[in-house]
Amino acid sequence: MARKYAIKEVFATLQGEGAQAGTPAVFLRFAGCNLGYEVCPWCDTDWVKATWTLGLDDTLELVRRTAVEGFGAEKPGLLLVATGGEPSLQLDRPLSDALRARGYRISMESNGFRPVDRSLVDWLTVSPKQAVFGQKDGDEMKLIYTGGAVPGITPNVDAVRAIAAGTEFASYFLQPVDVPATGGPNYGEAIAAVMELGPPWRLSVQTHKVVGIP
Ligand code: SF4
């Protein structure tokens with residue numbers, strides 16, 4: 001039986017985070033995650049129930065319609081952000097090949113718990129949510145800085161250093177955790193941590209939330 005993809009949402013916007021912030025992109029958010037809200041109680045994404053379960057052609061048509069509505073066309077080089085949930089559970093060779101054939105540059109945002117086939121993507125962001133994880137290289141590591149007030153694997157800079165030890169990423173970002181119940185993003189803690197860590201660490205701000213886009 002032909003492969004189906006469980007998709008939560010598709011939308012046209014600008015990438016908000018990390019080194020590609022500001023880049024026009026179609027976000028393809030898959031449903032399902034191999035970690036879940038018990039591991040990441042501060043997760044800001046609804047990935048639980050698929051809105052669509054589609055075969056390859058229907059998935060491509062959904063992406064095409066979204067690009068046309070958002071950008072006027074499937075413009076060559078447009079970023080396709082495969083996210084979730086955990087997108088590595090679903091982005092496979094047929095979908096990757098078909099998206100690239102339409103001119104997309106594929107960026108994946110993975111929790112890196114298990115190794116990712118980098119040949120499927122043009123850009124890999126790894127955002128570990130557990131201290132032990134499998135994907136140790138990529139274009140950027142983006143660690144959510146939970147700091148002192150929120151449970152997580154990054155309570156302080158020593159934990160950040162330990163997670164990054166032995167990894168090889170082109171860029172390293174620390175991103176404030178956004179928990180409305182504790183007053184929103186912990187910018188102060190995250191900025192202090194980046195200043196203490198020094199290079200190559202940089203601050204990643206969720207600019208899409210600041211400017212009010214998806
Ligand atoms: S791994 Fe990512 S998508 Fe899954 S629960 Fe954690 S933060 Fe949410």
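A residue counts as buried when its relative accessible area is under 20%. Arg-29, at 11% relative accessibility, therefore counts as buried in this predicted model. Of the 214 residues of the chain, 52% fall in the buried class.

The chain contains five helices and eleven strands. Its C-alpha trace spans about 45 × 35 × 30 Å along the principal axes. The radius of gyration is 17 Å. A compact globule with 214 residues would have a value near 17 Å, so the chain agrees with that expectation.

Salt bridges number 15 in the structure. Buried Arg-29 forms one of them with Glu-9, and the closest N and O atoms are 2.7 Å apart. This pair links distant parts of the chain. Arg-29 belongs to strand β2, Glu-9 to strand β1 (residues 5–14), and 20 residues separate them. Glu-9 has a relative accessibility of 32% and counts as partly exposed. The bridge thus joins a buried residue to a partly exposed one.

A further salt bridge connects Glu-74 and Arg-102, with 3.0 Å between the closest N and O atoms. It too links distant parts of the chain, 28 residues apart. Glu-74 lies in the loop between α1 (56–71) and β4 (79–83). Arg-102 lies in the loop between α2 (93–101) and β5 (105–110). The relative accessible area of Arg-102 is 32%, so Arg-102 is partly exposed.

Helix α2 itself supplies Arg-100 to another such pair. Arg-100 forms a salt bridge with Asp-122, the closest N and O atoms being 3.1 Å apart. Asp-122 sits in the loop between β5 and β6 (123–126), so the contact ties together parts that are 22 residues apart in sequence. Both partners are partly exposed: Asp-122 has a relative accessible area of 37%, and Arg-100 has 26%. In addition, a network of salt bridges links Glu-17, Glu-109 and Lys-142.

Aromatic contacts come next. The structure holds four aromatic pairs. Tyr-37 and Trp-47 make up a stacked pair, with 4.7 Å centre to centre and 25° between the planes. The angle falls under 30 degrees, so the pair counts as stacked. Tyr-37 and Trp-47 both lie in the loop between β2 (24–30) and β3 (52–54), so the pair ties together parts that are ten residues apart in sequence. Their exposure is not alike: Tyr-37 is partly exposed, at 31% relative accessible area, whereas Trp-47 is buried, at 11%.

Phe-169 and Tyr-172 form an edge-to-face pair. Their ring centres are 5.8 Å apart, and the planes meet at 85°. Phe-169 and Tyr-172 are both buried. Together with Trp-201, these residues form one aromatic cluster. Elsewhere, an aromatic ring meets a charge. The charged end of Lys-136 sits over the ring of Phe-133, 4.0 Å from the ring centre.

The surface carries a nonpolar patch with about 710 Å² of accessible area together. Its members are Leu-14, Tyr-187, Ile-191, Met-195, Leu-203, Val-210, Val-211 and Ile-213. Helices α4 (187–197) and α5 (207–211) each supply at least two residues. Helix α4 gives the most, with three residues. Leu-14 comes from strand β1, the strand that also holds Glu-9. The relative accessible area of Leu-14 is 35%, so Leu-14 is partly exposed.

Two cis peptide bonds deserve mention. The bond from Gly-84 to Gly-85 is cis, with omega near 15°. Gly-85 is placed in the loop between β4 and α2. Pro-199 and Pro-200 are also joined by a cis peptide bond, with omega about 5°. Pro-200 is found in the loop between α4 and β11 (201–203). Helix α4 on one side of this loop is the helix that gives the most residues to the nonpolar patch. Strand β11 lies on the other side.

How values were computed:
Residues are numbered from 1 along each chain as its sequence is written. This is a predicted model: local features need pLDDT of at least 70, side-chain atom pairs count only at pLDDT 80 or more; totals for chains, interfaces and linings use all residues. Side-chain values use heavy atoms; hydrogens and water are left out. Rings of Phe, Tyr and Trp (its six-membered ring) pair if their centres lie within 6.5 Å; planes under 30 degrees apart count as stacked, over 60 as edge-to-face and the rest as tilted. Helices (H or I, at least four residues) and strands (E, at least two) are DSSP runs, numbered from the N terminus. Buried means under 20% relative accessible area, exposed over 50%, partly exposed in between (1.4 Å probe, protein chains only). A charge sits over a ring if NZ of Lys or CZ of Arg is within 6 Å of the ring centre and within 35 degrees of the ring normal. A salt bridge is a side-chain nitrogen of Lys or Arg within 4 Å of a carboxyl oxygen of Asp or Glu. Patches are made of residues with over 30% relative accessible area and no salt bridge: like charges are joined within 9 Å, nonpolar side chains (Val, Leu, Ile, Met, Phe, Trp, Tyr) within 5 Å. Accessible areas come from the Shrake-Rupley method with a 1.4 Å probe; for residues, only the protein chains shown count as cover. The radius of gyration is taken over C-alpha atoms; the globule rule is 2.2 Å times the number of residues to the power 0.38.
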